[in-house]
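Here are a few exercises to work through with the structure open. Try each task before you read its solution.

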Amino acid sequence: MTDKDFLQLAIEKSKESVLVGAFPVGAVVVQDGKVISSAISNGKQLKDPTSHAEIAAIREACQKLQNRDLKNAVLYSSLEPCLMCYAASFWASIKKVVYACSRERVSKQHYEGGHDLKFINNNSRHQLELIQIKELEEQAWQIIRDWEKSLKKNRIIND
């Protein structure tokens with residue numbers, strides 16, 4: 001399987017996340033060409049602000065591998081990781097993060113602050129390889145946009 005194939009799995013997880021009433025992001029951790037873990041962003045249901053898809057996938061991968069070092073793993077996320085998820089990837093020694101939808105496409109309320117992940121990465125002790133597969137951006141963004149529309153319809157969020 002290719003990066004695009006694994007990223008497609010993360011996008012499918014984002015659909016699953018929406019179906020259970022969670023934030024529309026999915027993530028997959030892959031090592032040696034095999035999916036080690038996958039997760040959704042269900043922090044609201046768990047009442048856990050750290051339960052982003054990327055964090056949950058990293059936690060599960062570490063538990064399965066019984067190791068906190070994921071230096072041979074790749075993280076795939078349907079949305080560009082936030083600063084917390086980037087930091088978790090950094091601390092787990094993940095070398096490569098592949099994502100579909102850039103943060104510029106989504107509402108600013110989904111990211112805390114105006115940090116520039118690429119700037120932070122370039123000034124870190126070691127850089128993660130951050131790759132956007134733009135070919136899948138529209139598909140991932142559509143899931144987020146549909147989710148936002150449903151929230152507005154139900155008056156859960158404002159414009």
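**Exercise 1.** Which residues of α3 are buried? Keep in mind that this is a predicted model.

*Solution.* Start with the cut-off: buried means under 20% relative accessible area. Going through α3 with that in hand, you should end up with Ala53, Glu54, Ile55, Ala57, Ile58, Ala61 and Cys62. Next, see what these buried residues pack against: the strands β1 (23-31), β2 (34-41) and β3 (73-79), plus helix α4 (83-91).

**Exercise 2.** Check whether the length of α3 agrees with its residue count.

*Solution.* Helix α3 covers residues 53-65, so that's 13 residues. The expected span takes 1.5 Å times one less than the number of residues, which gives 18 Å for α3. Now look at the end C-alpha atoms: they sit 18 Å apart, so the two values agree. Just after the helix comes Gln66, with a positive phi near 55 degrees.

**Exercise 3.** Work out whether Ser14 is buried or exposed, and find what it touches.

*Solution.* First, place Ser14: it belongs to helix α1 (residues 3-19). Its relative accessible area is 0%, so Ser14 is buried. Then list its contacts, skipping residues up to four places away in sequence: Pro24, Val25, Gly26, Ser78 and Ile143.

**Exercise 4.** Find side-chain polar contacts of Glu137.

*Solution.* Glu137 is in helix α6 (residues 137-153). With 10% relative accessibility, against a cut-off of under 20%, Glu137 counts as buried. Its side chain makes a polar contact of 3.0 Å with the side chain of Ser102, and another of 3.2 Å with that of Gln132.

How values were computed
Residues numbered from 1 in each chain as written. Predicted model: local features only at pLDDT ≥ 70, side-chain atom pairs only at ≥ 80, totals over all residues. Heavy atoms only, no water. Helix = DSSP H or I, 4+ residues; strand = E, 2+ residues; numbered from the N terminus. Buried < 20%, exposed > 50% of the residue type's maximum accessible area, 1.4 Å probe, protein only. Contact = heavy atoms within 4.5 Å. Polar contact = N/O pair within 3.5 Å; in protein donor to acceptor, adjacent residues only side chain to side chain.
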